[in-house]
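Here is a short briefing on how strands and helices are arranged in this structure. Keep the 3D view open while reading.

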Amino acid sequence: MNISVENVSKAFRTTFVVRDLSFTIEPGQILGLLGPNGAGKTTTLRMILDILRPDEGKINFDGKQINRNVRNRIGYLPEERGIYQKYKVIDVLLYLGRLKNLSRRMSHVEAVRHLDRFDMIEYLEQPVSNLSKGLQQKLQLLISLLHNPDIIILDEPFWGLDPFNQQVIREKIKALRNEGKTILLSTHQLSEAEALCDYFVLIDHGEDVLRGSLEEIRKNFRENIIIVESPQNLKALQELPDLQKIVLEDSRALLYVDENAPVDLLLKEIVSSVNITRFELSKPSLNDIFLKIIKNSKS
């Protein structure tokens, strides 16, 4: 099931939170919805979920508006976490499974199956309050997947997790994509987004400021960084041709050059200037691009 967001706008009083936003997510794809705090990400997710209604534009699922059937095919992990603390894990899962139109028997079967997949079967009879913060995070994600949804909306899925459990969740999300799920991921952890997402939409002040695959975004960004390390003084590299900027850090220099700069000629110039122990051409990370775009939008 695909999601189509078409020219959607939402204002609270006289302030636009989302303005003329459009994107499409297809089955088997992970779309990363990125942006700084207050950019309109959560409002966009709530409009997709029909918690909020857009003032303008439309949101369709396989060409149809949201209805009860569509709602039951969506799994949602909210940014604001909260599970019934005093009840047993199995009882919480049975209750929430029933809310997603599963029979009691099927709720029990899926609860046990998912607890086993998440290595949490030993906590089946434990009160939720006995679980660590990290385990409660995993349980919340498990709840969003309990009813085998076609669409999965994840708002900050890595928040509060240690590196090991981040890796566990990362692999679960990849497996869900391989199963053909439609996945919308919103996160501040850009390294995680970079590793997972097939397509990105970056919004700021509710507007689309950048979109595309990582390679498309990098191509349009048109900035390369050459990393040089040497035991010698690297100030001599300030005279290199095609150099946009240089950042000197002890025994390392970051050389910002145009994408079309002749790297082989630059290497010859560098080697003739200093004795190098490391030379690396580094493409900008998603975080580098994010920071530059947001900085430019504020200037």
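Four strands make up an open sheet, ordered E11-E12-E10-E13, with antiparallel pairing. Its edges are strand E11 (243–249) and strand E13 (278–282), each of which pairs on one side only. The model is predicted. The notes below cover this sheet, a second sheet and a pair of helices.

**The four-strand sheet**

- From one strand to the next, the twist averages 15 degrees.
- Strand E10 (residues 224–229) and strand E12 (residues 252–257) run antiparallel and are joined by 6 bridges.
- Within this pair, isoleucine 226 has leucine 255 in E12 as its bridge partner.
- Helix H9 (residues 263–273) lies across E10, E12 and E13.
- The angle between H9 and E13 is about 155 degrees.
- Angles over 145 degrees count as roughly antiparallel, so H9 and E13, at about 155 degrees, are roughly antiparallel.

**The six-strand sheet**

- A further open sheet has 6 strands in the order E5-E6-E7-E3-E8-E9.
- Pairing in this sheet is mixed.
- Strand E5 (74–77) and strand E9 (207–212) are the edge strands, and each pairs on one side only.
- Neighbouring strands here are turned against each other by 15 degrees on average, with direction ignored.
- Strand E6 (residues 151–155) pairs with strand E7 (residues 182–186) in the parallel sense, over 5 bridges.
- Isoleucine 152 stands opposite isoleucine 183 in E7.
- In general, backbone hydrogen bonds are what pair the strands of a sheet, in either a parallel or an antiparallel sense.

**The H3–H5 helix pair**

- Helix H3 (residues 89–99) packs with helix H5 (residues 133–145) at an angle of about 30 degrees.
- Their axes are 10 Å apart.
- The cut-off for roughly parallel is under 35 degrees, and H3 and H5 are therefore roughly parallel to each other.
- H3 and H5 cross in the right-handed sense.
- On the H3 side, the contact residues are Val89, Val92, Leu93 and Leu96.
- On the H5 side, they meet Leu139, Leu142 and Ile143.
- Sorted by class, the H3 contact with H5 has 7 nonpolar residues, no polar residues and no charged residues.

**Where to look in the viewer**

- For the antiparallel E10 and E12 pair, find isoleucine 226 and its partner leucine 255.
- For the parallel E6 and E7 pair, find isoleucine 152 opposite isoleucine 183.
- For the helix contact, find residues including Leu93 in H3 and Leu142 in H5.

Key: Residues numbered from 1 in each chain as written. Predicted model: local features only at pLDDT ≥ 70, side-chain atom pairs only at ≥ 80, totals over all residues. Heavy atoms only, no water. Axes fitted to C-alpha atoms, helices over the stretch in contact; angles between N-to-C directions. Helix = DSSP H or I, 4+ residues; strand = E, 2+ residues; numbered from the N terminus. Parallel < 35°, antiparallel > 145°, perpendicular 65-115°, else oblique. Left-handed = near helix turned anticlockwise from the far one by under 90°. Contact = heavy atoms within 4.5 Å. Nonpolar A, V, L, I, M, F, W, Y, C, P; charged D, E, K, R; others polar. Pairing = 2+ DSSP bridges.
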